[in-house]
Amino acid sequence: MPAVGAHALAAYGWDEDWEAAFAPYAERGLLPGRVIRVDRGSCDLVVTEEGVIRADTTYVTPHDPLRVICTGDWAAVDAPGGDPRYVRDYLPRRTSFVRSTSSKRSEGQILAANIDHAVIAVSLAAELDLGRVERFLALGWESGAQPVVVLTKADLVPDAASLGHLVQDVETAAPGVPVLPVSAAQGDGVDVLAAVVSGGTSVLLGQSGAGKSTLANALAGADVMDVRAVRDVDGKGRHTTTTRNLIPLPGGGVLIDTPGLRGVGLWDAGSGVGQVFAEIEELAGGCRFQDCAHVAEPGCAVLAALEDGTLHERRLDSYRKLLRENQRIVAKTDARVRAEMRREWRRRGAEGKAAMEAKRGRLR
């Protein structure tokens, strides 16, 4: 295998650590490849040293939705010759962006794997929803990637002062996160974002109509994604992007574009919520009681900050809401896991009983 610096997959993020992790698969004659698109059918597009191929994912499609192969995964693919060619396995993920599904079953859905930046697109053509921004940020931090908020369609804001206030509002809701105003239509700010995401893997997230596809085209320097008009009545768009696509960028790095997300449910994102609301978590350390709920307890440092104006009520309400939601999904998940374990124990018990009866029959 050639040196990592000269490797055909270096532009897609291949490095020495991935090469070391892949060594056991290389000994079996398998080839490394990165999943660049996941179709609803049985095949995926994978970029390998020989170019882009289709590979059947039958062997990496388990019942657990968090273990299904995903855009951004590094796959072990059959060598040329077979038809079809199969993905036999994939390397352990460094990071992954996961949300809860919209179904009543408490399951997670992985949207992108092995990402360095979670780029959250927020349209300035619609009213700013800071609570939704905080929700995306919680999942972004939980993924293990560095979140970045991009305020798209900045050219629609009438003046620089108004734009500055909007940026400041988002910065308050996103401590420790770069907030970049961008106009992909006019090219303003695109170079700054390109510099941020160069040299790594970024996932582009946001609602339909947030301008993700236009932004992806601007970063790629070509019309790689279809773009449709946004409805004037509510500023929303239709799902232009229907699959998750991995796009190499001319300035370095790769971008995973995703379909617009109507629902963004938390999925075991307790530490992510804590990072989004770092100032509240810090204040909570000064409360008189360790289990303070920050509602009416004496000596509550959080309520004291709310009283003197240091902490805004909207932030505290959002913090409470996301904490409650995350606790509910964790409790539901734990209950589902326990139920599945009980079913497995009963199944094994029944199989053991049947085996014992069969053995007794043979001894008679």
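**Exercise 1. Find how many disulfides the structure holds, and look at cysteines 292 and 300.**

Solution. Begin with the count: the structure holds zero disulfides, a disulfide being a pair of cysteine sulfur atoms within 2.5 Å. Next, take cysteine 292: its nearest cysteine sulfur belongs to cysteine 300 and is 3.7 Å away, and cysteine 292 is in no disulfide. Cysteine 300 is likewise unpaired, with the sulfur of cysteine 292 as its nearest, at 3.7 Å. Then turn to accessibility, where buried means under 20% relative accessible area, exposed over 50%, and partly exposed in between (1.4 Å probe, protein chains only). Cysteine 292 counts as buried because its relative accessibility is 11%. Cysteine 300, at 6%, is buried as well.

Before going on, a note on the model: it is predicted, so local features need pLDDT of at least 70 and side-chain atom pairs count only at pLDDT 80 or more, while totals for chains, interfaces and linings use all residues. Residues are numbered from 1 along each chain as its sequence is written, and side-chain values use heavy atoms, with hydrogens and water left out.

**Exercise 2. Place proline 298 in the structure.**

Solution. First, locate proline 298: it sits in the loop between helix 7 (278–284) and helix 8 (301–307), helices being DSSP runs of H or I with at least four residues, numbered from the N terminus. Next, check its surface: a relative accessible area of 45% makes proline 298 partly exposed. Finally, compare positions: arginine 288 is 10 residues away along the chain, and the two C-alpha atoms are separated by 7.3 Å.

Definitions and conventions:
Helix = DSSP H or I, 4+ residues; strand = E, 2+ residues; numbered from the N terminus.
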